[in-house]
Amino acid sequence: MKKEFYLAITKRILSSILVLFLLVTFIFLLVRLAPGDPTQKFISPRLSPQLADNVTRSFGLDQPIYTQYFSFVKNLFLGDFGISYNYRQPAFTVVRDYFLFTLVFSSISFVIQLLLGYLLAKYSYSNRGKFSDRLFSKLSIIAFSLPSFVIGLVLVYIFSVMLNILPTSGISSIYKDDLNFFEKLYDYSLHMILPMITLSYAGVAVFYKYLRDNLETVENSAFITSLRANGFTEKEIFKNHLLPNAIQPLISIAGIEFGVLLGGALLTEVIFSLPGMGRLTVNAIFNRDFPLVTACSFIAGFMMIISNLLADLIKIKMDKRFIKELIN
């Protein structure tokens with residue numbers, strides 16, 4: 001079994017590296033082949049025409065595409081993503097500064113999604129067939145169908161414009177330096193309420209719907225009927241048999257969702273002007289900052305692969321039969 005475990009993990013890691021390599025290659029070609037010249041933004045009409053050539057040469061953009069690609073792959077293995085055109089710093093350093101906020105923001109949102117999704121699914125299952133069960137099921141579909149930018153703008157209009165009780169954007173007030181520790185904490189919390197709702201509501205709906213349906217599917221299994229016939233209580237069946245079997249398919253969904261969150265909540269961070277990696281990526285694309293776009297994409301892809309790998313490891317821990325699925 002141990003040999004099969006290491007074989008499955010090795011195969012899973014190799015496939016992840018291949019996916020990451022293909023992702024980086026695709027992003028590199030897509031950015032490089034896009035129309036426009038990023039060097040033109042540094043050129044002034046009052047300066048010498050030769051300056052454009054010098055800037056292009058200094059960025060290495062005068063080289064053929066394949067030369068730029070091989071140079072990029074080589075630097076990537078050395079941990080060098082290049083110098084950001086706009087920040088004039090190593091691209092990895094810029095991404096690292098913004099990623100910390102995304103990591104905290106996404107992690108809190110992920111915990112909220114899992115916790116609320118579980119509690120709602122458990123409540124709905126306990127009241128299966130009743131009005132609240134049917135209502136939550138329909139609301140989850142509606143919530144998942146609504147675009148996050150619509151929800152974000154509606155929340156801003158209601159709570160910031162009409163009621164004027166929550167900030168519209170940013171993570172702190174302009175007078176934060178005059179506040180003590182607890183007042184700053186309260187100020188940060190107020191600024192994070194609307195972004196957290198915008199980022200989390202769809203995930204809550206997904207986790208609720210998957211877990212609720214899985215609970216019903218497992219409940220209809222023959223072994224659950226056998227457990228009831230043998231005198232097991234409903235609490236024992238739910239805790240020891242129903243929930244563990246229903247939650248396994250949800251782990252894969254959780255791995256994908258956490259990877260997406262760590263890749264940067266693009267729309268939420270843009271709508272609420274949050275200093276995260278998603279907003280950094282959008283700005284880098286608009287400014288044609290090639291090294292920064294590539295670094296953001298690489299980190300986002302890497303986080304997605306790591307989160308999925310962790311999800312698979314958790315599934316193996318819960319059910320050893322999954323090892324054979326990975327090997328095959």
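**View 1. α11 passes α12 in a left-handed crossing.** A crossing gets that label if the near helix is turned anticlockwise from the far one by less than a right angle, and a clockwise turn makes it right-handed. The axes of α11 and α12 (residues 290–318) come within 9 Å and cross at roughly 145°. Axes here are lines fitted to C-alpha atoms, for helices over the stretch in contact, and the angles run from 0 to 180 degrees between N-to-C directions. On the α11 side, the contact uses Met277, Leu280, Thr281, Ala284 and Ile285, and on the α12 side Leu292, Val293, Cys296, Ile299 and Ala300. Sorted by type, these residues are nine nonpolar, one polar and no charged. For that sorting, Ala, Val, Leu, Ile, Met, Phe, Trp, Tyr, Cys and Pro count as nonpolar, Asp, Glu, Lys and Arg as charged, and the others, Gly among them, as polar.

A word on the model: this is a predicted one, where local features need pLDDT of at least 70 and side-chain atom pairs count only at pLDDT 80 or more, while totals for chains, interfaces and linings use all residues. Residues are numbered from 1 along each chain as its sequence is written, and side-chain values use heavy atoms, with hydrogens and water left out.

**View 2. The whole protein, for orientation: 13 helices and zero strands.** Both kinds of element are DSSP runs numbered from the N terminus, helices being H or I over at least four residues and strands E over at least two. The C-alpha trace spans about 90 × 60 × 35 Å along its principal axes. There are 328 residues in the protein, and 41% of them count as buried. The cut-offs on relative accessible area are under 20% for buried, over 50% for exposed and in between for partly exposed, using a 1.4 Å probe and protein chains only. Take the contacts (heavy atoms within 4.5 Å): among those between residues at least 6 apart in sequence, 73% join residues at least 24 apart.

**View 3. Helix α4 (residues 91–126) meets α11, with axes that come within 8 Å and cross at roughly 140°.** That angle makes α4 oblique to α11. Oblique is whatever is left once angles under 35 degrees are called roughly parallel, over 145 roughly antiparallel and 65 to 115 roughly perpendicular. From α4 come Val94, Val95, Tyr98, Phe99 and Thr102, and they meet Met277, Gly278 and Leu280 of α11. The tally for this contact is six nonpolar, two polar and no charged residues.

**View 4. Pro275 and Ser273 share a loop, the one between α10 (266–271) and α11 (277–286).** Pro275 is partly exposed at 29% relative accessible area, and Ser273 is partly exposed at 30%. Not counting residues up to four places away in sequence, Pro275 touches Tyr98, Phe101 and Ile171. With the same sort of neighbours left aside, Ser273 is in contact with Ser169, Gly170 and Arg279. Ser273 and Thr168 sit 9.0 Å apart, C-alpha to C-alpha, with their positions 105 residues apart in sequence. Pro275 and Lys3, 272 residues apart along the chain, have their C-alpha atoms separated by 45 Å.

**View 5. Tyr87 and Tyr98 form an edge-to-face aromatic pair.** Their ring centres are 6.3 Å apart and their planes are at 70°. Rings of Phe, Tyr and Trp (its six-membered ring) pair if the centres lie within 6.5 Å, and planes under 30 degrees apart count as stacked, over 60 as edge-to-face and the rest as tilted. Tyr87 is in the loop between α3 (65–77) and α4, while Tyr98 is in α4 itself, eleven residues apart. Both tyrosines are partly exposed, Tyr87 at 32% relative accessible area and Tyr98 at 24%. The count for the protein comes to twelve aromatic pairs. Elsewhere, ring pairs link Phe81, Phe92, Phe298 and Phe302 into a cluster.

**View 6. Arg88 and Asn164 each have a positive phi without being glycine.** Most residues other than glycine have a negative phi. Phi of Arg88 is near 55°, and that of Asn164 is about 55°. Arg88 lies in the loop between α3 and α4 and is exposed at 59% relative accessible area. Asn164 lies in the loop between α6 (148–162) and α7 (181–219) and is exposed too, at 61%.

**View 7. Gln68 is a buried residue of helix α3.** The relative accessible area of Gln68 is 10%. Leaving aside neighbours within four places in sequence, Gln68 is in contact with Phe28, Arg32, Gly60, Leu61 and Gln63.
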